[in-house]
Amino acid sequence: MKKIQHKKILLEAHKNDPKSIAASFLYNLEQKLAKDEYSATELDCFLALAYTIRDRLVSNWIKTQQSYHHKNVKRVYYFSFEYLIGRTLGNSLLNLGLEETCDKAMKLLDLDVDQLRDVEVDAALGNGGLGRLAACFLDSMATLEIPSHAYGIRYEYGMFNQEIQNGWQVEKPEEWLKFSNPWEIARPEYTYRVKFYGTTRCEKRKNGTWEFFWENTDDVYALPYDTPVPGYATKNVNTMRLWAAVATEEFDMDYFNSGDYMAACEKKAMTENISRVLYPNDSMFAGRELRLKQQYFFVTASLQDILRRFKAENKHLKYFPDKAVIQLNDTHPAVAIPELMRILMDQELLSWNQAWDITIRTFAYTNHTILSEALEAWSIPLFERLLPRHMQIIYEINHRFLKEVLKQYPGDIERIRRMSLIEEEDPKRIRMAHLSIVGSRSINGVSKLHTKILKEKIFHDFYQLYPERFNNKTNGITQRRWLKKSNPRLADLITGKIGNKWISDLSCLKKISKYAGNKSFHKEWQKIKYANKKSLADIIYDTVSIRVDPNSLFDVQIKRFHEYKRQLLFAFYAIGMYIRIKESHENIEIPRTLIVAGKSAPGYTFAKLVIKLINNISFVINQDSDVRDLLKVVFLPNYRVSLAEKIFPAAELSEQISTAGFEASGTGNMKFALNGALTIGTLDGANIEIQEEVGEENIFIFGHTAQEIEGLKNKGYQPEGFLKDSPLLQEVLKLIQGDLFCPGEPGIFQPIADRCTRDGDPYMVLADFDKYISCQERVSKAYQDKDSWTRMSIQNVAHMGKFSSDRTIREYAHDIWHVKPSPVSK
């Protein structure tokens with residue numbers, strides 16, 4: 001590393017030329033990390049650069065908050081249990097317009113900015129699409145200058161690191177904070193007390209109303225950490241505030257003095273477990289209790305913070321909905337509804353009607369799933385023990401709501417049972433989705449099909465009662481991360497042809513349609529795809545020691561493992577191809593590399609067995625000399641945002657093969673298409689809208705529709721009939737039941753065969769298998785015509801404008817939040 005004179009560093013701290021950035025880098029290295037050019041490690045250099053870039057955000061960050069305060073703007077408060085942020089350095093450089101400048105600055109020091117970016121650990125504070133969507137939304141809100149604050153939990157250990165041992169997923173702690181997080185700033189002055197357990201009592205006031213008290217509680221503190229969220233090409237820098245749990249008592253001296261050193265620290269350790277792990281295993285009581293604690297912990301701290309900010313700018317709580325809208329990202333934060341009621345009634349002394357009017361006008365709810373197991377329902381004994389006052393409030397909400405239902409539908413007891421917030425099972429449970437609907441003024445789905453299913457099936461009773469509350473907001477992705485940052489080769493080609501307006505207005509991509517038939521443009525496009533494939537091939541070899549041919553078709557399925565996403569169908573396809581090559585001696589004209597990545601929830605036994613199957617299939621096929629380079633199967637472990645940024649640009653075929661009617665939207669499908677991959681998929685989620693945009697001739701659709709799936713179920717679906725009619729499927733299941741893929745562990749895959757036959761094939765893998773195989777044959781035929789394939793690829797990219805998260809956020813802001821942009825002056 002070269003030494004640079006930096007006597008005037010403080011004066012140049014905010015300049016953005018290469019020498020000033022290099023000088024700031026050295027200052028941070030010395031003054032914040034106590035290192036010089038001789039002792040600095042690669043981690044030190046990354047941290048010094050991160051602090052340098054953060055310093056260039058801080059001034060506008062402060063100005064943004066001051067501007068929002070002085071204008072007393074209406075703010076959006078985004079409540080999400082997950083934020084799958086990934087790495088921050090590259091995104092910050094892009095949004096600040098400092099990528100090229102920073103590269104030059106690091107070269108002055110003989111450093112490589114790309115290597116330093118790779119040092120950063122992904123902030124994996126999310127599980128999958130829900131958390132990544134939230135991260136895209138934050139980027140878009142800042143870019144569109146929407147006054148907003150995001151709230152969540154600062155998990156000490158995010159989504160686990162996935163290792164593959166003997167084919168099995170093994171979870172390891174994800175220590176993203178091990179070497180500090182340079183982007184966050186602790187705000188201890190905004191620490192709030194959070195209560196659990198205890199008892200309630202009430203006293204009658206002189207005016208005849210009742211006052212409630214929540215006493216004898218176990219308390220913890222919520223300590224906030226703020227991270228700046230810069231917009232692209234704007235001065236606006238919004239805030240993501242994450243809460244960490246801190247014990248009210250650090251140390252018990254009585255235990256310590258008595259020699260019980262473990263007990264002296266036990267309460268602190270137990271308290272701080274609240275923000276320790278994302279999604280504790282809830283298959284046991286302690287895990288369920290911890291998860292509910294997490295949910296209440298983050299919403300009460302956030303609401304206290306929001307009310308503090310509101311009171312600093314406004315005098316009367318009746319104006320609260322005019323200055324704040326809270327978006328619930330699924331049901332995880334739904335306990336915020338009774339919590340706001342508790343604060344307004346018990347602390348602010350408002351009447352029930354006053355409090356409910358404010359609450360109902362403040363919240364909006366986004367539903368992300370139709371799966372019954374994902375629609376949260378908390379057992380009343382657990383909820384009542386942990387949050388006794390909230391249980392009382394929920395009972396009262398339910399009582400008043402059911403009176404409203406009876407007024408509309410007198411005598412309809414079955415409707416009352418269906419719509420009640422309380423599920424009358426043993427034990428009784430609180431339906432958090434129902435609570436979210438009743439307590440919100442807007443309920444939205446995340447694709448046209450998903451919203452249709454919500455209205456017509458899942459929440460049909462509620463839609464009949466509150467039709468004006470339901471609306472659709474199809475999900476989107478930020479093109480800045482998922483094209484500009486992750487695929488710079490393609491981004492530069494596009495910019496060279498149509499300019500850079502697409503970075504902030506993705507609809508501009510339509511302009512490249514006119515190049516879809518241009519042969520020279522085709523060659524440039526193909527050259528870029530090949531370069532991206534070669535880069536991924538190198539990553540594959542470095543990661544799992546499998547050599548793949550960049551000339552083969554890169555066929556990719558990367559997503560969270562769940563049965564409805566049907567990674568199993570993709571595995572069956574791999575076995576089917578293998579059978580055809582081995583037994584039928586078919587000439588496979590299109591060599592394929594099948595690439596799979598994704599994590600299963602730790603307690604999801606069947607999904608983990610599918611991961612094991614795919615890894616074992618990979619081992620058998622890749623070792624078979626008869627197959628040669630006609631087929632390779634790769635499982636890339638530890639799927640994460642930074643790895644996704646390498647895979648999407650290289651993919652050519654995007655596997656979106658969920659059972660129709662089960663995927664709410666999906667955003668991976670959008671990222672693939674934005675990077676020029678063609679989609680093979682069912683008419684599910686946003687696939688339908690992608691087909692509408694790109695045209696039926698530029699997508700490969702197969703399988704039963706959602707209506708046909710429902711029809712099969714209603715008639716009594718018999719998977720054996722489909723098995724009987726498919727010789728190839730019979731061979732596939734025979735190999736799974738045999739020992740070919742598990743020679744040392746005979747019989748371990750029998751549960752997979754049973755699931756598809758004896759257990760009724762709940763996600764219709766057998767029903768769609770032959771249709772899927774036929775569609776894949778169409779893919780192979782299309783891929784042989786390189787010019788036609790390239791034209792289709794270009795048209796996919798050109799018609800992705802609808803799927804920008806900027807468009808989604810504009811719709812939220814206009815239709816639900818009623819919030820206008822508030823630009824920070826230059």
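I take a residue as buried when its relative accessible area is under 20%. By that criterion, 61% of the 826 residues of the chain count as buried. I note at the outset that the model is predicted.

**Entry 1. The chain as a whole**

I first looked up the secondary structure, which comes to 33 helices and 25 strands. I then compared the radius of gyration of the chain, 28 Å, with the globule rule; the rule gives 28 Å for 826 residues, so the chain is as compact as a globular protein of that length. Along the principal axes, I found that the C-alpha trace spans about 90 × 80 × 65 Å. I also looked up the contacts between residues at least 6 apart in sequence, and 76% of them join residues at least 24 apart.

**Entry 2. The second largest pocket**

How much space lies in the second largest pocket? I recorded about 750 Å³. Its lining is made up of 28 residues, and those closest to the centre of the pocket are Asp 114, Arg 117, Lys 485, Pro 488 and Lys 646. By class, I entered 15 charged, 7 nonpolar and 6 polar residues for this lining.

I next asked which helices supply at least two residues each to the lining of this pocket. They are helix 3 (89–96), helix 4 (99–108), helix 5 (113–119), helix 19 (479–485), helix 20 (488–498), helix 21 (519–544) and helix 24 (641–647).

**Entry 3. Backbone details**

I looked up a cis peptide bond, which joins Asp 426 and Pro 427 with omega at about 0°. Pro 427 lies in the loop between strand 16 (422–423) and strand 17 (429–431).

I then turned to residues with a positive phi that are not glycines. Ser 180 has a phi of about 75° and is found in the loop between strand 6 (168–172) and strand 7 (185–186). Met 764 has a phi of about 55° and is found in the loop between helix 30 (750–756) and helix 31 (765–784).

Are these residues buried or exposed? Ser 180 is partly exposed, with a relative accessible area of 37%, whereas Met 764 counts as buried at 1%.

**Entry 4. Cysteines**

How many disulfides does a search of the whole structure find? I recorded 0. A disulfide is a covalent bond between the sulfur atoms of two cysteines. I examined Cys 45 as one case: the closest cysteine sulfur belongs to Cys 102 and is 12 Å from that of Cys 45, so the pair is too far apart for a bond. The cut-off for such a pair of sulfur atoms is 2.5 Å. I also noted that Cys 45 counts as buried at 3% relative accessibility, while Cys 202 counts as partly exposed at 37%.

**Entry 5. Arg 755**

I closed with Arg 755, which is found in helix 30. Arg 755 is partly exposed, with a relative accessible area of 25%. Which residues is Arg 755 in contact with, leaving aside its neighbours within four places in sequence? I listed Glu 563, Phe 606, Gly 760, Asp 761, Pro 762 and Tyr 763. I also looked up Arg 755 against Phe 81: these residues are 674 residues apart along the chain, and their C-alpha atoms are separated by 32 Å.

Methods: Residues are numbered from 1 along each chain as its sequence is written. This is a predicted model: local features need pLDDT of at least 70, side-chain atom pairs count only at pLDDT 80 or more; totals for chains, interfaces and linings use all residues. Side-chain values use heavy atoms; hydrogens and water are left out. On a 1 Å grid over the protein atoms alone, a cavity is a set of points where a 1.4 Å probe fits but cannot get out, and a pocket is an open set with protein on both sides within 12 Å along at least five of seven lines; lining residues have an atom within 4 Å of a point. Grid points are joined across faces, edges and corners, and a volume is the space filled by probe spheres set on the points. Helices (H or I, at least four residues) and strands (E, at least two) are DSSP runs, numbered from the N terminus. Ala, Val, Leu, Ile, Met, Phe, Trp, Tyr, Cys and Pro count as nonpolar, Asp, Glu, Lys and Arg as charged, and the others, Gly among them, as polar. Buried means under 20% relative accessible area, exposed over 50%, partly exposed in between (1.4 Å probe, protein chains only). The radius of gyration is taken over C-alpha atoms; the globule rule is 2.2 Å times the number of residues to the power 0.38. Contact means heavy atoms within 4.5 Å.
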